[in-house]
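Subject: Structure handover

Hello,

Here is the structure we talked about handing over. My notes follow below it.

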Amino acid sequence: MPAPNLFLVYVNDVERATAFYSDLFDIKPVITTPRYVPFEVAPGVLFAVWSGRTDQVAPGTPRTSEVGLMVPGSAAAVDAVYAEWAAKGVTVVEEPYDEAFGRTFVVADPDGNLIRVSPVD
């Protein structure tokens, strides 16, 4: 059985989310469509933003997924990512702090989806 290779983040505004994630992660989309935009984050692995089916798109629908970015290095590496993203003006949900698994922080995308940064396990 293959491992999961598509990770979807539901968003209300695909164009806005595409710009946000392109800038945040410094990546370019594989393709761009009105409701679905995938980014290849590793060979054969896609991270995508999707608004859902046309009949299900509702701007008031809360978006509550959390994706993670594990960075190699010490707590200083996590703090460096925080400083870079904070300078971009992202919405900070939790400033850097020490957790059982190491240094971590959480930011939110324009739809309220969470992005947690932590050290590599």
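I will start with the pocket. The largest pocket is lined by Phe7, Phe25, Val41, Phe47, Val67, Gly68, Leu69 and Met70. Please keep in mind that this is a predicted model. The pocket's volume comes to about 200 Å³. Strand β4 gives the most to its lining, with four residues. By type, the lining of this pocket divides into seven nonpolar residues, one polar and no charged.

Two of the lining residues, Phe25 and Phe47, also form an aromatic pair with each other. The geometry is edge-to-face, with 6.1 Å centre to centre and 90° between the planes. Phenylalanine 25 belongs to helix α1 and phenylalanine 47 to strand β3, so the pair links distant parts of the chain, 22 residues apart. What is the burial state of each? Phenylalanine 47 counts as buried because its relative accessibility is 8%, under the 20% limit. Phenylalanine 25, at 24%, counts as partly exposed.

Aromatic pairs in general: the count comes to nine. Another of them joins tyrosine 10 and tryptophan 50, which are tilted, with 5.5 Å centre to centre and 40° between the planes. This pair also links distant parts of the chain, with tyrosine 10 in strand β1 (residues 6–10) and tryptophan 50 in strand β3, 40 residues apart. Both rings belong to partly exposed residues: tyrosine 10 has a relative accessible area of 38%, and tryptophan 50 has a relative accessibility of 22%.

There is also one aromatic cluster, made up of Phe20, Tyr21, Phe25, Phe39, Phe47, Tyr82, Trp85 and Phe105. The Phe25 and Phe47 pair described above is therefore part of a wider group of rings.

Next, the core. The largest nonpolar core holds 22 residues, and those with the most contacts inside it are Tyr21, Val49, Trp85, Phe105, Ile115 and Val117. At least two core residues come from each of α1 (14–25), β2 (36–42), β3 (45–50), β4 (66–71), α2 (75–87), β6 (102–108) and β7 (114–119). Helix α1 gives the most, with five residues.

Tyr21, Trp85 and Phe105 appear in that list of well-connected core residues and in the aromatic cluster. What does phenylalanine 105 touch, leaving aside its neighbours within four places in sequence? Its contacts are Val78, Val81, Tyr82, Trp85, Glu94, Glu95, Pro96, Ile115, Arg116 and Val117. Among these, Trp85, Ile115 and Val117 are also named among the core residues with the most contacts.

Two loop residues remain. Aspartate 26 has a positive phi of about 55° although it is not a glycine. Most residues other than glycine have a negative phi, which is why I list this one. Aspartate 26 sits in the loop between α1 and β2. It counts as exposed because its relative accessibility is 68%, over the 50% limit.

Glycine 52 lies in the loop between β3 and β4. Is it buried or exposed? Glycine 52 is buried, with a relative accessible area of 4%. From glycine 52 to proline 2 the separation is 50 residues in sequence and 25 Å in space, C-alpha to C-alpha.

Regards

Technical notes. Residues numbered from 1 in each chain as written. Predicted model: local features only at pLDDT ≥ 70, side-chain atom pairs only at ≥ 80, totals over all residues. Heavy atoms only, no water. Core = buried A, V, L, I, M, F, W, Y, C linked by side-chain atoms within 4.5 Å. Buried < 20%, exposed > 50% of the residue type's maximum accessible area, 1.4 Å probe, protein only. Contact = heavy atoms within 4.5 Å. Phe/Tyr/Trp six-rings, centres within 6.5 Å; stacked < 30°, edge-to-face > 60°. 1 Å grid on protein atoms, 1.4 Å probe; cavity = no way out; pocket = protein on both sides within 12 Å on 5 of 7 lines; lining within 4 Å. Points joined across faces, edges and corners; volume = space filled by probe spheres on them. Nonpolar A, V, L, I, M, F, W, Y, C, P; charged D, E, K, R; others polar.
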